[in-house]
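Please look over the structure shown here before reading the briefing. It is written for a reader who is new to metal sites in proteins.

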Amino acid sequence: MISNTIHAAAAPTTGRIKRPAGALLAALLPFAALVYPFLATAQEADGQRLFRQRCATCHNIEPGQNKMGPQLLGIIGRVAGSVEGANYSGAMQSSGITWDRQSLDTFLAAPRQMVRGTRMTVSVPDAAQRAAIIDYLESQSPD
Ligand code: HEC
């Protein structure tokens, strides 16, 4: 009896506030679950497209295929300036960086601020584009 009364008293308030939001969430959840993996793949595809447009003139993703810049296969976890035969600046070779998502993000945002004297002058000011490119580079890692 007591619990019935409490329930009845509490119901109108909670009902009014929660029901529309709950219904919206219930309607959106399956949609979000369906669309999320698609978005993740779409971002990778976007990263590949951006890489082709912004990086591929100077960087290949095949081992042993250096262009003006070093090949970038497995760049995440690689020591900066370490590709044999690539045309590095002294600044890059002595930078002491081991590339991870964070350092790549900082470098791509403003290469010359991070590595003073680097030969790479191209930057990617848009954070979402950097994330997409880094996702793509990560997906191309050899292991
Ligand atoms: C105009 C040519 C050019 C373009 C375009 C370019 N880079 Fe570079 N990149 C270079 C050069 C040259 C170096 C070597 C820099 C040095 O030694 O100072 C380099 C170095 C790098 C390095 C360090 C590699 C290592 O082995 O330490 C990364 C990472 C990198 N570039 C990523 C990118 C990405 C991602 C893009 C596209 C958004 C890009 N670059 C676009 C010329 C370019």
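The points below cover the iron site, the residues around the ligand, and the cysteines.

This is a predicted model. Its ligand holds an iron atom that is coordinated by two side chains, those of His59 and Met120. The arrangement around the iron atom is octahedral.

**The iron site**
- His59 binds the iron atom through its NE2 atom and Met120 through its SD atom, at 1.9 to 2.0 Å.
- Six donor atoms surround the iron atom of the ligand, and the angles they subtend run from 88 to 179 degrees, which makes the arrangement octahedral.
- For comparison, the ideal angles for six octahedral donors are 90 or 180 degrees.
- His59 sits in the loop between α1 (2-54) and α2 (90-93), while Met120 sits in the loop between α4 (111-114) and α5 (127-139), so the pair ties together parts that are 61 residues apart in sequence.
- Met120 has a relative accessibility of 21%, so it counts as partly exposed.

**The surroundings of His59**
- His59 is buried, because its relative accessible area of 11% is under the 20% cut-off.
- A polar atom of the His59 side chain lies 2.7 Å from the backbone oxygen of Pro70.
- Apart from neighbours within four places in sequence, His59 is in contact with Phe51, Lys67, Gly69, Pro70, Leu72 and Met120.
- Met120 is therefore a contact of His59 as well as its partner in the pair that ties the two loops together.

**Around the ligand**
- There are 25 residues around the ligand, and those that come nearest are Cys55, Cys58, His59, Tyr88 and Met120.
- Ser89 has a polar side-chain atom 2.5 Å from an oxygen atom of the ligand.
- Trp99 places an N or O atom of its side chain 2.9 Å from an oxygen atom of the ligand.
- With Gly81, a polar backbone atom is 2.9 Å from an oxygen atom of the ligand.

**The cysteines**
- A disulfide is a covalent bond between the sulfur atoms of two cysteines.
- With a disulfide taken as a pair of cysteine sulfur atoms within 2.5 Å, the count for this model is zero.
- Cys55 is buried, with a relative accessible area of 14%.
- Cys58 has a relative accessibility of 26% and counts as partly exposed.
- Both Cys55 and Cys58 are among the residues that come nearest to the ligand.

Methods: Residues are numbered from 1 along each chain as its sequence is written. This is a predicted model: local features need pLDDT of at least 70, side-chain atom pairs count only at pLDDT 80 or more; totals for chains, interfaces and linings use all residues. Side-chain values use heavy atoms; hydrogens and water are left out. Donors are N, O and S atoms within 2.8 Å of the metal (3.2 Å for Na, K and Ca); water is not among the atoms, so sites may look incomplete. Four donors count as tetrahedral if all angles lie between 85 and 135 degrees; four count as square planar and six as octahedral if opposite donors are over 155 degrees apart and all others between 65 and 115; anything else is irregular. Helices (H or I, at least four residues) and strands (E, at least two) are DSSP runs, numbered from the N terminus. Buried means under 20% relative accessible area, exposed over 50%, partly exposed in between (1.4 Å probe, protein chains only). A residue is near a molecule or strand if one of its heavy atoms lies within 4 Å of it. A polar contact is a pair of N or O atoms within 3.5 Å; within protein, one must be able to donate a hydrogen and the other to accept it, and residues adjacent in sequence count only if both atoms are side-chain atoms. Contact means heavy atoms within 4.5 Å.
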